[in-house]
Amino acid sequence: MGQHGTEEFTCEHCGGINIVEYSDYPEPDAGIVTCARCGSILLEWEGTRDYGAAMLKPDFEDNS
Ligand SMILES: [Zn+2]
C-alpha cells in the first residue's frame, strides 16, 4: 500500500498555512491544490503522489 500523510504549505499570496493530505498511488496523475483561504494556486503536482484539498491550519502556533 502507498504511504499517506499530510504536508504543510505556506501560501505565497496570503501567507496562510495550508495542510494538504497526500496519498501515494502506483498510477501517475497530476493536479493542482488551491489555498483554502484565498483560492490562489498553492501547489501544482504531478506524479504518483496525489494531493487532496487543502485545509487552513487553525491558528499559527507561535511559541517564541
Ligand atoms: Zn492564500
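Of the seven residues of S1, how many are buried? The number is zero, so strand S1 lies largely in the open. The model discussed here is predicted, and S1 is a convenient place to enter it.

The protein has three strands and zero helices, and along the sequence these elements follow the pattern β-β-β. The three strands form an open sheet in the order S1-S2-S3, with antiparallel pairing. Its edges are strand S1, residues 4–10, and strand S3, residues 41–56, each of which pairs on one side only. On average, neighbouring strands of this sheet are turned by 35 degrees against each other, with direction ignored. In general terms, strands of a sheet pair through backbone hydrogen bonds, and the arrangement is either parallel or antiparallel.

The pairing of S1 with its neighbour can be followed residue by residue. Strand S2 covers residues 17–34, runs antiparallel to S1 and is joined to it by seven bridges. Gly5 stands opposite Tyr22 in S2, and Thr10 stands opposite Ile17, also a residue of S2. Between the two strands of this hairpin there are six residues, and in the hairpin Gly15 takes a positive phi near 80 degrees.

Ser23 is a residue of strand S2. It has 14 other C-beta atoms within 10 Å; this count is above the limit of 12 for an exposed residue and below the 20 required for a buried one. Ser23 is therefore partly exposed. Its C-alpha atom is separated by 5.7 Å from that of Gln3, although Ser23 and Gln3 are 20 residues apart along the chain. Leaving aside neighbours within four places in sequence, the contacts of Ser23 are Gly2, His4 and Asp50.

Ile41 lies in strand S3. Ile41 counts as exposed because its C-beta neighbours inside 10 Å number 12, and a residue with 12 or fewer falls in that class. When residues up to four places away in sequence are not counted, Ile41 touches Ile32 and Thr34. The C-alpha atoms of Ile41 and His13 are separated by 9.0 Å, with their positions 28 residues apart along the chain.

Which residues make up the largest nonpolar core? Six residues do: Cys11, Val33, Cys35, Leu42, Tyr51 and Ala54. The largest share of this core, three residues, comes from S3. As a general tendency, nonpolar side chains are buried together in soluble globular proteins. Tyr51, one of the core residues, touches Val20, Tyr22, Gly31, Val33, Leu43 and Trp45, again not counting residues up to four places away in sequence. Among these contacts of Tyr51 is Val33, itself a member of the core, and another is Tyr22, the residue that Gly5 stands opposite in the pairing of S1 with S2.

Two figures describe the protein as a whole. Buried residues make up 11% of its 64 residues. Of the contacts with a separation of 6 or more, 35% are accounted for by residues 24 or more positions apart.

Technical notes: Residues are numbered from 1 along each chain as its sequence is written. This is a predicted model: local features need pLDDT of at least 70, side-chain atom pairs count only at pLDDT 80 or more; totals for chains, interfaces and linings use all residues. Two strands pair if DSSP finds at least two bridges between them. Helices (H or I, at least four residues) and strands (E, at least two) are DSSP runs, numbered from the N terminus. Axes are lines fitted to C-alpha atoms, for helices over the stretch in contact, and angles run from 0 to 180 degrees between N-to-C directions. Two residues are in contact if their C-beta atoms, placed from the backbone, lie within 7 Å. A nonpolar core is a set of buried Ala, Val, Leu, Ile, Met, Phe, Trp, Tyr and Cys residues joined through C-beta atoms within 7 Å.
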